[in-house]
Amino acid sequence: MAEALVLGGGGVAGIAWMTGLLAGLADAGQDVTGADVIVGTSAGSTVAAQLGSGVSLEELYARQAEPERQNAEIMVEVDLESFGAQLFELLQSSSTTAEMRRGAGRFALDAETVAESERRAVIESRLPSHEWPTRTLKIVAVDAETGEPRVFDSASGVSLVDAVAASCAVPGVWPPATVDGRRYIDGGVRSNENADYAVGATQVLVFAPLGSTELFPSEKPLAKAIEELRAAGAAVAMIEPDEASRTAIGANPLDPSTRAPAAEAGRAQGRALKIEWSPA
């Protein structure tokens, strides 16, 4: 039975919340970190890479919850709800989701941001190991020019740091990441979770830091992806932040100060949860 863990986007607060959630589930005897396949998008790509680093879950949690052990991040002021609305207005003349992704790519390529090298250094500092794990890891990004998604894995010939940097390149906030001469933007431009890439697994657990919110129009929104996974025979469970976690994440999940409260809220939520699998 193949198990898949799908980790969605949600900024540095999402990284902390998902790490806390994993720790809390493990506290409650529901350790899911040994999944055969992990699909990571944006924040989820960071957590996925960290899980494959060989560092213990307790240590990964401490790196989020204890300020003196946190990596350096770049502060960004952004309200994701209004940010999504602005991008939607910019892209509403597009007739297909592929056109919208290309529009988001143009927006990202034209935006003034920190230098790509500065942003990549942040990604490097997040990852305890820069080597691909032995288990199957799928990291999703989008080509800024063509709008086509790309799934990076250990066979892609791309460094893990570059793959995560590409998946985390929020358009207009961070610079597109250069990989093999191409520029890539956040995998969340296709879908916050990209859960459909877990097809083939018989059990799929989805972490959705932004809940049902889709920042970008998608042909594979989470509800549709889950429906298709169940139709293919998978048992699926989805976890989104509870009220306390939503409060901890706040309106700006890119704010580094959200990490400790989000990690703590995620751990408390995980300890109180019983994963409920919904079959096909």
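**Close-up 1. Ala4 and Val37 form a bridge pair in this predicted model.** Val37 belongs to β2 and is the bridge partner of Ala4 there. Strand β1 covers residues 3-7. The link between β1 and β2 consists of 4 bridges. These two strands run parallel.

**Close-up 2. A helix joins in with β1 and β2.** Helix α1 spans residues 11-27. Together, β1, α1 and β2 build a β-α-β unit. The unit is right-handed.

**Close-up 3. Strand β2 also pairs with β3.** Strand β3 takes in residues 136-143. It pairs with β2 in the parallel sense, over 5 bridges. Look for Val39 of β2: its bridge partner in β3 is Lys138.

**Close-up 4. Strand β2 is mostly covered.** The strand comprises residues 37-41. Of its 5 residues, 5 are buried. Which way do the residues of β2 point? Val37, Val39 and Thr41 point one way. Ile38 and Gly40 point the other way. Residues pointing either way are buried.

**Close-up 5. Arg101 sits in helix α5.** This helix runs over residues 97-110. Is Arg101 buried or exposed? Its relative accessibility is 4%, and buried means under 20%, so Arg101 counts as buried.

**Close-up 6. Arg101 has contacts beyond its sequence neighbours.** Residues up to four places away in sequence are not counted here. Arg101 touches Val142, Gly147, Glu148 and Pro149. It also touches Ile185, Val189, Arg190 and Glu219. Val142 lies within the residue range of β3, 136-143.

Notes
Residues are numbered from 1 along each chain as its sequence is written. This is a predicted model: local features need pLDDT of at least 70, side-chain atom pairs count only at pLDDT 80 or more; totals for chains, interfaces and linings use all residues. Side-chain values use heavy atoms; hydrogens and water are left out. Buried means under 20% relative accessible area, exposed over 50%, partly exposed in between (1.4 Å probe, protein chains only). Contact means heavy atoms within 4.5 Å. Two strands pair if DSSP finds at least two bridges between them. A crossover is right-handed if, with the strands pointing away from the viewer, the path from the first strand over the helix to the second runs clockwise.
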